[in-house]
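Biologist: Before we begin, I should like to understand how the terms used for a structure follow from its values. May I put some questions to you as we look at it together?

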Amino acid sequence: MFWSDLFYMILGTTFTGSILTVAWFVTSYLLEKTGYLNLAYRLSKVVVLFWIIPVVYFVVVAADKLRFLWNGYAFEVTPVIIRITRVTAVFWIVGLVLGVFIYVHKRMRVLMARKDAFLCDGNTQKFFNLVKEDMGLGRRNIILRQSYRTNTAYVTGIIKPCIVINVDRFSQQELKVIFTHELMHVIHNDIFFRYLLALATVFNFFNPLIWMFSERFIKYAEYSCDYTICSYEEDVREYYETILNMAIRNNNLYDMLSASLYENKSSLRERMEHVMKSYNVTKKSKLVAVSLVALFTVLGSATIAGAASLVGDTSVKVAGVTECEEQEYILHNTEYYEPADAESDGIIDMYDEDFDDGIDTYSSSGSISWDVYAGVRRSTSSFHADAGQKIVVSVFSVEPLHTVRAGIIQPDGSKRYVLVNSDSHIFELTMSGSYRVYIQNDSTDKVRVEGAYDTH
């Protein structure tokens, strides 16, 4: 079912992202100490992807379909699970909508500032082109603008990056630092990953670890940018003195969806301290770096395998427990019997073989998500069941609210059914042969029926 699949998808993804984030916190600290700050930042980009891509869910589904594990029972649903996941989905969707609204507002603010920006003078543009050429970005379409609406330089945009600088009189050294820093963000694809990070934060807003990771990721993006520039320029003091002088003259304008030159003077000092720790490491052991990356890779693989196993096993156990609990409270509806030769009063029979959607042919269990028209009896494909077995038919919802017939067609053509709009019923089988599960709509409206059935 959609809601339960969405629930397990989010659960597996946030679980994997959390464990990998903790592993990255440790690994990045060690890499920074050994002089490989850039490598720590690259690994953080991998972690961002695992906060978004539901790898664990796909692994479980693939293993389940191949009958490698769980034998087709992973993510099995029961009425209890459906109700819980629907309530959870409402909470998640509300948070999702609120998060999207916040980031759209931030994006609009960036776009408005960019829209009000204007062309720089010819000398500044010429110098910008020279710096861009020196950094290997000569053919890249990167726009340069000035604006009164910002107090610091920043870059925004993924396909067509735009660097916006504040209106001020800059020396050539200051312009070089500004352009080099912002262009390094373009080289590192930082804006793209900041958008992914924003998406990951919205999807996992309920998890405090994503907020901690988000703050740390943005800082490491700046660390990595400064570190790369200082490694080439070999003049750390002059680089930071230039930025500090500009920070003293201006206040900051910081936004998550853009990469700015500085946030404030305290954050600039923090950046300087972190970069210097790595920059001053004279003997950088490649063996240590490779070992740390290998350790992170092993932890990542183990995390995916462990999370997949845990989520898959938990889904099977929860389905088993809730099925037992549900059966204890099943309302024993009056079961009706209709002989094989009974007249159907104009009822039209439609079978699952006639549709591309629905349940797999010859499947003895599955989900029901059907549009059933007025005066139609829609049935699953036939499947074999033995006397003594049970078929549990569950109807989770009927929209608009109507009572429908939910039942089984027995091997001799007779029908057993109950009248439900949200309930379950156990049909105990007295004969062996081919069965079908059916939903019959006796109302005058088309209805949407969500449900499931299982044979055991």
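Biologist: Why does isoleucine 368 count as buried or exposed?

Modeller: Please note that this is a predicted model, in which local features need pLDDT of at least 70, side-chain atom pairs count only at pLDDT 80 or more, and totals for chains, interfaces and linings use all residues. Residues are numbered from 1 along each chain as its sequence is written, and side-chain values use heavy atoms, with hydrogens and water left out. Buried means under 20% relative accessible area, exposed over 50%, and partly exposed in between (1.4 Å probe, protein chains only). Isoleucine 368 has 1% relative accessibility and therefore counts as buried. This residue is found in strand E8; strands (E, at least two residues) and helices (H or I, at least four) are DSSP runs, numbered from the N terminus.

Biologist: What makes strand E8 an edge of its sheet?

Modeller: Two strands pair if DSSP finds at least two bridges between them. Four strands form an open sheet in the order E8-E16-E11-E14, with antiparallel pairing. Strands E8 (366–372) and E14 (423–428) each have a single partner strand, so one side of each has no neighbour in the sheet. On average, neighbouring strands of this sheet are turned by 20° against each other, direction ignored.

Biologist: How do you know that E11 and E16 are paired?

Modeller: Eight bridges join E11 (residues 390–399) to E16 (residues 447–455), and the two run antiparallel. One bridge partner in E16 is glutamate 450, which faces serine 397 in that pairing.

Biologist: What is the peptide bond between glutamate 399 and proline 400 called?

Modeller: That bond is cis, with omega about -10°. Proline 400 lies in the loop between E11 and strand E12 (404–409). Most residues other than glycine have a negative phi, and most peptide bonds are trans.

Biologist: What is notable about the phi of asparagine 189?

Modeller: Asparagine 189 is not a glycine, although its phi is positive, about 55°. The residue lies in the loop between H6 and H7. Its relative accessibility is 42%, so asparagine 189 counts as partly exposed.

Biologist: Why is histidine 188 called buried or exposed?

Modeller: Histidine 188 has 13% relative accessibility and so counts as buried. Histidine 188 is found in the loop between helix H6 (172–187) and helix H7 (190–203). Contact means heavy atoms within 4.5 Å. Not counting residues up to four places away in sequence, histidine 188 touches Tyr41, Lys45, Ser224, Cys225 and Thr228.

Biologist: How do you know whether the span of H6 agrees with its 16 residues?

Modeller: The expected span of a helix is 1.5 Å times one less than its number of residues. For the 16 residues of H6 this should give 22 Å, and the end C-alpha atoms are 22 Å apart, so the two agree.

Biologist: Why is H6 described as largely enclosed?

Modeller: Of its 16 residues, 12 are buried, so H6 is largely enclosed by the rest of the structure. Among them are Phe179 and Leu183.

Biologist: What makes a set of residues a nonpolar core?

Modeller: Such a core is a set of buried Ala, Val, Leu, Ile, Met, Phe, Trp, Tyr and Cys residues joined through side-chain atoms within 4.5 Å. The largest one has 64 residues, and those with the most contacts inside it include Phe179 and Leu183. Helix H8 (residues 208–233) gives the most to this core, with 12 residues. Apart from it lies another core, of 23 residues, among them Trp370 and Val393.

Key
Axes are lines fitted to C-alpha atoms, for helices over the stretch in contact, and angles run from 0 to 180 degrees between N-to-C directions.
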